[in-house]
Amino acid sequence: ALHIHDNDFTSDGHLMPYLGKFEWDEICSALKSIGYEGELTFEIFGTLSKIPNEAMFDALCFARKIGEVLIGKIG
């Protein structure tokens, strides 16, 4: 599995992909070019810790969608 999260280049924020400064399209392109077929494991507690309980289900659905987008770009 590949442990992934985003950050702002100043702290290890554990943000959801696309909420920081990493270039996810470039990362996915590189993973595709090497034939990566493993799992993507999100460590996004920096994002989820800020979400109120009432919105947590929607936040997790959003995280799932982001994962689907990344997987689609990797191939």
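# A walk through the chain

R64, K65 and E68 are joined in a network of salt bridges. That is a good place to begin. The model shown here is predicted.

Take the network one pair at a time. The side chains of E68 and R64 form a salt bridge, with 3.1 Å from N to O. Both residues belong to helix α3. They sit four residues apart, which is about one turn of the helix. Now look at K65 and E68. Their side chains also meet in a salt bridge, and here the N to O distance is 4.0 Å. A salt bridge needs the nitrogen within 4 Å of the oxygen, so this cut-off matters for the pair. K65 and E68 are three residues apart in helix α3, so about one helical turn separates them.

How open to the surroundings are these residues? R64 counts as exposed, because its relative accessibility is 61% and exposed means over 50%. K65 is partly exposed, at 48%. E68 is partly exposed too, with a relative accessibility of 37%.

The structure has three salt bridges by the rule used here. One of them ties distant parts of the chain together: D25 in helix α1 and K73 in helix α3 are 48 residues apart. Helix α1 covers residues 24-33, and helix α3 covers residues 56-74. In the bridge between D25 and K73, the closest N and O atoms are 3.1 Å apart. Both partners have some access to the outside. D25 is partly exposed at 45% relative accessibility. K73 is partly exposed as well, at 35%.

Next, go inside. In soluble globular proteins, nonpolar side chains tend to be buried together. What makes up the largest nonpolar core here? This core has twelve residues: I4, M16, W24, C28, L31, I44, L48, A59, A63, I66, L70 and I74. Helices α1 and α3 each supply at least two residues of this core. Helix α3 gives the most, with five residues.

Pause at C28, a member of that core. Is C28 buried or exposed? C28 is buried, because its relative accessible area is 3% and buried means under 20%. C61, in contrast, is partly exposed, with a relative accessible area of 36%. How many disulfides does the model contain? The count is zero. A disulfide would need a pair of cysteine sulfur atoms within 2.5 Å.

Turn now to the largest pocket. About 210 Å³ of space lies in it. Its lining is made of Y36, E37, G38, E39, L40, F42, G67, I71, I74 and G75. Five of these residues are nonpolar, three are polar and two are charged. Which elements contribute to the lining? Strand β2, residues 40-42, and helix α3 each supply at least two residues. Helix α3 gives the most to this lining, with three residues. I74 appears in the pocket lining, and I74 also belongs to the largest nonpolar core.

L40 is another residue of the pocket lining. L40 is found in strand β2. With a relative accessible area of 21%, L40 is partly exposed, because buried means under 20%. Where else does L40 lead? The C-alpha atoms of L40 and L2 are separated by 5.0 Å. Yet these two residues are 38 residues apart along the chain.

Finally, look at the backbone. Most residues other than glycine have a negative phi. Two residues deserve a look here. F9 is not a glycine, but its phi is positive, at about 70 degrees. F9 is found in the loop between β1, residues 2-4, and α1. F9 counts as exposed, with 57% relative accessibility. Y18 also has a positive phi, near 80 degrees, and Y18 is not a glycine either. Y18 lies in the loop between β1 and α1. Y18 is partly exposed, with a relative accessible area of 34%.

To retrace the route: the salt-bridge network links R64, K65 and E68. The bridge between D25 and K73 joins helix α1 to helix α3. Helix α3 gives the most to the largest nonpolar core. Helix α3 also gives the most to the lining of the largest pocket.

Terms used
Residues are numbered from 1 along each chain as its sequence is written. Side-chain values use heavy atoms; hydrogens and water are left out. Buried means under 20% relative accessible area, exposed over 50%, partly exposed in between (1.4 Å probe, protein chains only). On a 1 Å grid over the protein atoms alone, a cavity is a set of points where a 1.4 Å probe fits but cannot get out, and a pocket is an open set with protein on both sides within 12 Å along at least five of seven lines; lining residues have an atom within 4 Å of a point. Grid points are joined across faces, edges and corners, and a volume is the space filled by probe spheres set on the points. Ala, Val, Leu, Ile, Met, Phe, Trp, Tyr, Cys and Pro count as nonpolar, Asp, Glu, Lys and Arg as charged, and the others, Gly among them, as polar. A nonpolar core is a set of buried Ala, Val, Leu, Ile, Met, Phe, Trp, Tyr and Cys residues joined through side-chain atoms within 4.5 Å.
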